[in-house]
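Let's walk through this model together, helix by helix. Have the sequence and the coordinates open as you read.

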Amino acid sequence: SYAEAGLSHAAKSRDLFLRALSIDTSEKMRLDYASLIMLWGDFITSEEIFRQALLLNPDSFELQMKLAGVLLASQQYEEAEKIYLLQLRHDPSNQK
């Protein structure tokens, strides 16, 4: 069936990305993986990866926004809203 084919494709895609990740262990590759698995609905792992990255780079606007996005996708609305509002206050391009 179409659903089974899609699941098979997702599983194969995930395997390929994990193999690539075992070769290229850069932070960028891990963050790309976190973004990809968020699209597949693995919000818990995606959130963990973004939180770990923020420990190393807590002022990263991009990481904060990606974390807020995964929180929003996993229906953690209050925490996502706090991050969005905090980032808007600190974004220099948002000053009027």
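Which residues in α4 meet which residues in α5? On the α4 side they are Phe-61, Gln-64, Met-65, Leu-67, Ala-68, Gly-69, Leu-71 and Leu-72, and on the α5 side Tyr-77, Glu-79, Ala-80, Ile-83, Tyr-84 and Gln-87. Keep in mind that this is a predicted model.

## The overall picture

The protein has five helices and zero strands, so the order of elements from the N terminus reads simply α-α-α-α-α. Of its 96 residues, 27% count as buried. The exposed surface comes to about 6800 Å², with carbon and sulfur atoms supplying 60% of it.

How far along the chain do the contacts reach? Taking contacts between residues at least 6 apart in sequence, 24% join residues at least 24 apart.

## α4 against α5

Back to the pair we opened with. The axes of α4 and α5 come within 8 Å and cross at roughly 155 degrees. The two helices are therefore roughly antiparallel to each other, and their crossing is left-handed. By class, the residues of this contact divide into ten nonpolar, three polar and one charged.

Two residues of this contact are worth a closer look. Met-65, in helix α4, is partly exposed, with a relative accessible area of 28%. Apart from neighbours within four places in sequence, Met-65 is in contact with Tyr-84 and Gln-87. The C-alpha atoms of Met-65 and Tyr-84 are separated by 6.9 Å, although the two residues are 19 apart along the chain. Across the way, Gln-87 sits in helix α5, which covers residues 77–90. Is Gln-87 buried or exposed? At 11% relative accessibility, Gln-87 counts as buried. Setting aside neighbours within four places in sequence, Gln-87 is in contact with Phe-61, Gln-64 and Met-65.

## The loop before α5

Between α4 and α5 there is a loop, and Gln-75 lies in it. Here is something to check in your Ramachandran plot: Gln-75 has a positive phi of about 65 degrees although it is not a glycine. Most residues other than glycine have a negative phi. As for its surroundings, Gln-75 is exposed, with a relative accessible area of 58%.

## α3 against α4

Moving one step back along the chain, helix α3 (residues 43–56) packs on helix α4 (residues 61–73) at an angle of about 160 degrees, with their axes 9 Å apart. That makes α3 roughly antiparallel to α4, since an angle over 145 degrees counts as such. The crossing of α3 and α4 is left-handed.

From α3, the contact draws on Phe-43, Ser-46, Glu-47, Phe-50, Arg-51, Ala-53 and Leu-54. From α4, the partners are Leu-63, Gln-64, Lys-66, Leu-67, Val-70, Leu-71 and Ala-73. Sorted by class, the contact of α3 with α4 has nine nonpolar, two polar and three charged residues. Some names should look familiar: Gln-64, Leu-67 and Leu-71 also appear in the contact of α4 with α5.

## α2 against α3

One more step towards the N terminus brings us to helix α2, residues 27–39. Its axis and that of α3 come within 8 Å and cross at roughly 150 degrees, which makes α2 roughly antiparallel to α3. Again we can give a hand to the crossing: α2 passes α3 in a left-handed one.

What does α2 bring to this contact, and what does α3 bring? Glu-27, Arg-30, Leu-31, Tyr-33, Ala-34, Ser-35, Ile-37 and Met-38 in α2 meet Phe-43, Thr-45, Ser-46, Ile-49, Phe-50, Gln-52 and Ala-53 in α3. These residues divide into nine nonpolar, four polar and two charged. On the α3 side, Phe-43, Ser-46, Phe-50 and Ala-53 are also among the residues that contact α4.

## Leu-21 in α1

That leaves the helix at the start. Helix α1 covers residues 2–23, and Leu-21 is found in it. Leu-21 is buried, with a relative accessible area of 16%.

What is Leu-21 in contact with, leaving aside its neighbours within four places in sequence? The partners are Met-29, Arg-30 and Tyr-33. For Leu-21 and Tyr-33, twelve residues apart along the chain, the C-alpha atoms are separated by 8.1 Å. Arg-30 and Tyr-33 turn up in the contact of α2 with α3 as well.

How values were computed. Residues are numbered from 1 along each chain as its sequence is written. This is a predicted model: local features need pLDDT of at least 70, side-chain atom pairs count only at pLDDT 80 or more; totals for chains, interfaces and linings use all residues. Side-chain values use heavy atoms; hydrogens and water are left out. Helices (H or I, at least four residues) and strands (E, at least two) are DSSP runs, numbered from the N terminus. Buried means under 20% relative accessible area, exposed over 50%, partly exposed in between (1.4 Å probe, protein chains only). Contact means heavy atoms within 4.5 Å. Accessible areas come from the Shrake-Rupley method with a 1.4 Å probe; for residues, only the protein chains shown count as cover. Axes are lines fitted to C-alpha atoms, for helices over the stretch in contact, and angles run from 0 to 180 degrees between N-to-C directions. Angles under 35 degrees count as roughly parallel, over 145 as roughly antiparallel, 65 to 115 as roughly perpendicular and the rest as oblique. A crossing is left-handed if the near helix is turned anticlockwise from the far one by less than a right angle, and right-handed if clockwise. Ala, Val, Leu, Ile, Met, Phe, Trp, Tyr, Cys and Pro count as nonpolar, Asp, Glu, Lys and Arg as charged, and the others, Gly among them, as polar.
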